[in-house]
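Notebook open, model loaded. I want to go through a helix end, the ligand shell, the strand pairing and one glycine.

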Amino acid sequence: MTRMLIIGPPGAGKGTQAVRISERLGIPAISTGDIFRANIKGRTPLGQEAKSYIDAGDLVPDSVTNRMVRDRLAEADTADGFLLDGYPRNAAQVEELDAILAGLGQELDVVLKLTADRDELVQRLLGRAQKEGRTDDTESVIRHRLDVYDAETAAVVDVYDRRGVVREVDGLGTVDEVSQRIMTALS
Ligand code: AP5
C-alpha cells in the first residue's frame, strides 16, 4: 500500500510521471490541476471559481482546493493508496492534508520530489503550449507560476523533509530515464 505525493515546480514532469507510477503501483493518481481543468471545461461552478486564478498562475483559494481534495480522498478507490499530484502547495494545505489523513487513520509513506533547472522548465512548458494550448502556458504566466512555487510550495518540501519521507529524483533526461530513477527511489 502506498500513499504518496509527487511535488516539484511546474514542468518538472509530475503529471507525466504520475500516470506511470499510478499504472505501475495500481493506485489512483489525483491531480488537482487536472480536476480544476476538467471542471473549467465542463463549466461547473467549481471551474468558474478556479478559472481566473489558474489563468493568472496563482493558487486557487485554499477553501476551494481543500474541500475538493477532502471529497476526492473520501472516495473508495483511495482506500488502498493514492498518489497526489499538485497538492499540498502551501503550509495551510499541508495542515489540511494532515487533518484529512488523521481522520481516515492514514499517513503518508513517501513524498517524491522532482527537480529540474528553471531554463529547462520554461522550455518544456513553452513546448507544451504549442501542442496543448493550456491557458497558463504563456511565458509570463509560466514565470509567475515558477515564482509562486518558490514563494509558497518549496517550503512544503522542507516540512516533509523534516519528517524524513522525502525522496529526491533528478527530473532531467528522458521520460524513461526519470521513470527508472523514480522506481529505484521507491524500491
Ligand atoms: P498543475 O496542473 O498542477 O500545474 P503545474 O504544477 O504548474 O505543473 P505542470 O502540469 O505545468 O507540470 P508538471 O510538473 O506536471 O509537468 P508535466 O508532466 O505536465 O496546476 C495548474 C494550476 O492549477 C496552478 O497554477 C493553480 O492555479 C491550480 N492548482 C493546482 N493545484 C493547486 C493547489 N493544490 N492549490 C491551489 N491551486 C492549485 O510536463 C510538462 C511538459 O514537459 C509536458 O509537455 C511534458 O511532455 C514535458 N516533459 C515531462 N517530462 C519530460 C522530460 N523528462 N523531458 C522532456 N520533457 C518532459
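**Entry 1: the end of a helix.** I started just past α6, where Gly133 follows the helix with a positive phi, near 65 degrees. Then I checked α6 itself: 15 residues, with 21 Å from the first C-alpha to the last. That is close to the 21 Å expected at 1.5 Å a residue.

**Entry 2: how far to trust it.** Note to self: this is a predicted model. The mean pLDDT of the protein is 97, and 99% of its residues reach 70 or more. For the complex, I noted an ipTM of 0.98 and a pTM of 0.96 from the predictor.

**Entry 3: around the ligand.** Which residues come nearest to the ligand? I found Pro10, Gly13, Thr16, Gly33 and Gly86, out of 32 residues around the ligand. Next I asked which elements give two or more residues to this shell. They are α1 (14-25), α2 (32-41), α3 (45-56), α6 (118-132) and α8 (175-186). So back to my starting helix: α6 gives the largest share, 4 residues. Sorting the shell by class, I got 14 polar, 11 nonpolar and 7 charged residues.

**Entry 4: strands.** I looked up what β1 (residues 2-7) pairs with. One partner is β3 (residues 81-85), in the parallel sense over 5 bridges. Within that pairing, I picked out Leu5 of the bridge with Leu84 in β3. Another partner is β4 (residues 110-115), again parallel, over 4 bridges. Here I noted Met4, whose bridge partner in β4 is Val110. A reminder for when I look at side chains: in a regular strand they alternate between the two faces of the sheet.

**Entry 5: Gly47.** This glycine lies in helix α3, one of the elements that contribute to the ligand shell. Buried, exposed or in between, I wondered about Gly47? I counted 17 other C-beta atoms within 10 Å. Being buried takes 20 or more and being exposed takes 12 or fewer, so Gly47 is partly exposed. Which residues is Gly47 in contact with, leaving aside neighbours within four places in sequence? The list is Phe36, Asn39, Ile40 and Gly42. Finally I took a long-range distance, from Gly47 to Leu186, 139 residues apart along the chain. Their C-alpha atoms are separated by 34 Å.

Key
Residues are numbered from 1 along each chain as its sequence is written. This is a predicted model: local features need pLDDT of at least 70, side-chain atom pairs count only at pLDDT 80 or more; totals for chains, interfaces and linings use all residues. A residue is near a molecule or strand if its C-beta atom, placed from the backbone, lies within 6 Å of it. Ala, Val, Leu, Ile, Met, Phe, Trp, Tyr, Cys and Pro count as nonpolar, Asp, Glu, Lys and Arg as charged, and the others, Gly among them, as polar. Two residues are in contact if their C-beta atoms, placed from the backbone, lie within 7 Å. Two strands pair if DSSP finds at least two bridges between them. The expected span of a helix is 1.5 Å times one less than its number of residues. pLDDT is the predictor's confidence in each residue, from 0 to 100.
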